Amino acid sequence: MRLFLLELLPFLALVSAIFVITADNPILGVLFLIGVFLTVSGYLALIGLTFLALTYLIIYVGAIAILFLFVVMMMDLNLLDLSELPSVSFPVAAILASSLLASLISLLNQCNIPFWFDSLNLIHLIPSLSSTLSWSSTFHLIEHLHVLGLALYVAFPLLLIIVGLILLLAIIGPIVLCL
Amino acid sequence: MVILSILLLAAALPFSSVFYFSSIVINRVAILVLLLSSLLAFNTLLLEPLGVGVGIYGGVCLVSVISQAFDCFILASGSLLLVLATGILPMKSLYYWSSTREEITHDPLSKLIPLILLLSTLGMSCLVTSSDLVTVYLSIELQSLPLYILACLYRDSEPATSAALKYFLIGALSSCLFLLGSSLLYALSGLTSLEGVYLVSSLGVGYSGFLIPVLFIGLAVLIKLPAAPFHYWAPDVYDGVPTLVTSWLAIMPKIALLAFLLLYQGLSQIGGIVVTEQSVWGFILLGSALLSLVLGALLGVAQYRIKRMVAYSTISHLGFLLLALGLVTPQGLEAYLFYLFQYVVTSSNLFFVLLVYSNQVLETWGDSTVFLEQPKPEKDPSEESYWLEGLSVMRTPTTKPLLISSEYNRISCFHSNPVLALSFAICLFSMAGIPPLIGFFGKLLVLTTALDSGYYFLVFIAILVSVITTGFYLRVIRVLFFDSIHFEISRSTEMILRRAVLSESDPKPLHSMVIATLSLIIILFLAYPYPSLNSLHLIALSFYFW
């Protein structure tokens, strides 16, 4: 089941990423973007990076994507046809995408993984990933969240309080600014 | 104590509409809280047990004599400046002239202001005690976020918002630099504790690599204080935001950041490269001091708006402070502390006087609703300084078509309220450094210690510059006593203004009390200087020779 999910989630992420680009309706696009984040965070949680997964959920899905969604809905871009936009940004997009791809490939090469076009079966990536994490599996009980929680609540409680106060301020601030 | 009271206040605010607390009550409570916590800090200022410092909260904070002293000082001056906040008129009451005094005191906005200021003060007192990069960063953020919020208090006025935005962006830039520096430090040493970093760096491994991040952090702080090469935002921001916020901006973060610079000095001595018997950081401090002195004075002469002038004079004062900090001697530290003390006393007095003046104008405008057909003011109401503009200025810009100077308002400030004008003049003289006042002693201490350390050129420049600054303070005094006030408003409000000037609206009793006390401190410091000087001497000695 876990392996199946590990295979399914990246696939879903890829599909929804494609939909993000191709969707005509910007609201749908943002919804698919949320889908990408959700699946990626599920994937991260499955391979044991729980804190990263939670961060994805809270920050990207909870804050940024919802903000996007609201902005898009407020701006009422429904009628805008994306295909008629001038295609000035394509070269930039191409450069960005190719640089991302290059860095990804170099990263994968560093991980001693065979060039990933060789086999389309994504599951081949997983054992290598889990093998790099194998040392941490000896500390089964101590996960990222445990470690972070220990650090925050035991070692640096003061910092936590200060951050809490900053957040309190972030709640009060908009109230003050909107009064 | 402050945390507890913040939580209590935050909890109490929703009920305030039910139980009908006025904003004045909340403000008084906040003032008392700050005073009490300042007393607490004073109470814990024990030389023997504190010694070189006690790390608390798992070493993220370091309580030492000097940090406690700064804490006490910050809280006390915070409570002093909160007194100002009682006088603030919220924006709404400026727009709708019909709003009564009741509505002003029960405005929800003015209830939140003490809370925000308390949070900011908490950040400052954390900053003073912090000894860990993370704590430092968080407390800098905690102290400056409320200020960003307050800066855009008058969000309907264009200059105020642009100033607030500028302040926010500059703050973000400085935070970025700070984070860059601290992440580099962490990458180099693997530690976030300042002392740990210092120890690692003094091992001699990668010695010069520590220089750059340390400088980044220092520069971030110098940007936050508007020290000279980075001062360009200060006049705009100080001028744009409401005067209450300006007073807070100009005084409170400076104390905290200067205290941090002092505590940071241990780390910043990791010069690596030694330039003329000084570490690189000391060199930068002295250079920044020189630039602040010169630019603050020269550009201040050209200003015609009083808040801009105050901003430049602040920069010039910062020059003196950095000069005292740059000489790394106990005498220098003593001079530094004393200069800071006198700067805070004098400039808070200055802001009190300014605010009382602008309140007078606002109040006289406020009760003149009878004459106004339109409920909207002609211009931007956040500009308390149109009148102050007339005050500070010889050349009121005649390009504006609405300028009138009728004979009704040919009456100088001195005649309208002689005592207030006199205390304003005392403040300005003290800032200029005229001998019997407290400002003179601050400058005297700084300059003599600089002379002792052999910085003849800097001292020469500083003396020249203080003469120039005296020039622009004297200009204000001339306007204050000998010129008549020119109101810059349209003809339709001329009638009102005639009443406005002639009816002397008195400052609030609390304000006038504070102004009187501060002015007396400024004057009578000469009579009994021992307690402050001796305690500062002790603090300076304990910092160096414990």
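Helix axes here are lines fitted to C-alpha atoms over the stretch in contact, and angles run from 0 to 180 degrees between N-to-C directions. The structure is a predicted model, so local features need pLDDT of at least 70 and side-chain atom pairs pLDDT 80 or more, while totals for chains, interfaces and linings use all residues. Residues are numbered from 1 along each chain as its sequence is written, chains are lettered from A in the order in which they are written, and side-chain values use heavy atoms, leaving out hydrogens and water.

In chain B, helix 8 (residues 133-151) packs against helix 9 (residues 158-189) at about 175°, with the axes 10 Å apart. That makes the pair roughly antiparallel, a label for angles over 145 degrees. Among the residues in contact (heavy atoms within 4.5 Å) are B:Tyr137 and B:Ile140 from helix 8 and B:Phe168 and B:Leu179 from helix 9.

Further along chain B comes helix 23 (residues 509-524), whose 16 residues reach 22 Å from first C-alpha to last, close to the 22 Å expected at 1.5 Å a residue. Its buried residues (under 20% relative accessible area, 1.4 Å probe, protein chains only) are B:His511, B:Val514, B:Ile515, B:Leu518, B:Ser519 and B:Ile522. They sit on the same side of helix 23 because they cover an arc of only 125° around the axis, taken from the directions to the C-beta atoms. The face turned away carries B:Pro509 and B:Met513, both exposed (over 50%).

As for chain A, there are 7 helices and 0 strands, counted as DSSP runs (H or I, at least four residues, for helices; E, at least two, for strands). Of its 179 residues, 20% count as buried.

Terms used:
Expected span 1.5 Å × (residues − 1). Parallel < 35°, antiparallel > 145°, perpendicular 65-115°, else oblique.
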